[in-house]
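Thanks, everyone, for making the time. I would like to walk through one model this morning, moving from a few side chains out to the core and the helices.

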Amino acid sequence: MGKTKRNKELLSLMEDYNLFMSAKKQTQMPVVVREEKPNHKSSLYLEQEMGSDVRFGRAMFDCEIRNKNRQNYSFQISSDKIEQKSLARLDEGNGVHRNNIPHIPLAEQEITTPHFHKYDSDGRFVAYKTNALKEYNKNPLKIEDGFRLFCNEEKISSFDGSPLIIEINENGVLPMDYDSDPLAGVNF
C-alpha cells in the first residue's frame, strides 16, 4: 500500500477548511435514508444540504448504508469546493484503514472500524478514533449511535433545534425490527 497522499488542492485552502470544520453546521432532521444509491443499487443513500455561518463551497451531509445493512455504513460531509469532495467521514463495518504516514509507528497505522476521517495539517485524509469510538471496538456501532457521534464530532445540529434522529425507510419496505417476530406467542 502506498503512502497516504496529500491533497495539494486542500492545502491551499487549509485555513478555510479548518474554520469550516470547527464551525457549527446544520442540516434537516430527521435524516431519512431511503433511496437506492445510483451507482450501487444494493446501498441506500442520502445527500442533503448543510448550512453554516462559515462557508466552504456547497456543503452536503451524506449517508450510505452499504448492502442495506445497518452495520455497514458511513456518514460524510462533502463540498464542491474541492475536487475530492470529502471533508470528514465516519466509517463502520468497512474493515481497517491504514494511515501510511512516516511519523506514525507501523504498529499504530491500522485503524479498525468504526473510525473518523479528517484532513490533518499536511492535507492527508487520516483515520482516527475518539475515546467514544474506542468503546465500540468489540461490538458493532449501531447506526443511530454512529449518527449521533458523527454529529457531535462534526458539530452538526438541526436547522430548527429538533433532536438528532436518523430513520432508515427503504422504499417499499415496512420499517420493522427484523430481530423479533411480531407473531411470536400468537396461537392460530
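Let me begin with a question: with which side chain does the side chain of H117 make a polar contact of 3.0 Å? The partner is the side chain of H115, and I should say straight away that we are looking at a predicted model. A polar contact of 3.2 Å also joins the side chain of H117 to that of D91. H117 is found in strand β11, and because its relative accessibility is 1%, under the 20% cut-off, it counts as buried. If we leave aside its neighbours within four places in sequence, the residues in contact with H117 are A88, R89, D91, H97, F125, V126, A127 and Y128.

That brings us to the strand itself. Strand β11, residues 115-119, runs antiparallel to strand β12, residues 125-128, and four bridges join them; K118, for instance, has V126 as its bridge partner in β12. The two strands form a hairpin with five residues between them, and in the turn G123 has a positive phi of about 80°.

G123 also leads us to N7, which touches I82, Q84, Y119 and G123 when residues up to four places away in sequence are not counted. N7 sits in the segment before α1, and its C-alpha is 8.0 Å from that of F125, although 118 residues separate the two in sequence. The side chain of N7 reaches the backbone nitrogen of L10 at 2.9 Å, and N7 counts as buried because its relative accessibility is 8%.

Turning now to the core, the largest nonpolar one has 37 residues, and F61, F75 and I166 have the most contacts inside it. Helix α4, residues 143-153, gives the most to this core, with five residues. Beyond its neighbours within four places in sequence, F61 has contacts that include F75, F147, F150 and I156, and of these F147 and F150 are among the buried residues of α4, as are I143, G146, L149 and C151. After α4 comes K155, with a positive phi near 60°.

Finally, helix α2, residues 14-22, has M14, Y17, F20 and M21 as its buried residues. They lie on the same side of α2, because they cover an arc of only 125° around the axis. As background, an α-helix has 3.6 residues a turn, so residues three or four places apart point the same way.

Conventions
Residues numbered from 1 in each chain as written. Predicted model: local features only at pLDDT ≥ 70, side-chain atom pairs only at ≥ 80, totals over all residues. Heavy atoms only, no water. Core = buried A, V, L, I, M, F, W, Y, C linked by side-chain atoms within 4.5 Å. Buried < 20%, exposed > 50% of the residue type's maximum accessible area, 1.4 Å probe, protein only. Contact = heavy atoms within 4.5 Å. Pairing = 2+ DSSP bridges. Polar contact = N/O pair within 3.5 Å; in protein donor to acceptor, adjacent residues only side chain to side chain. Arc of directions from axis to C-beta.
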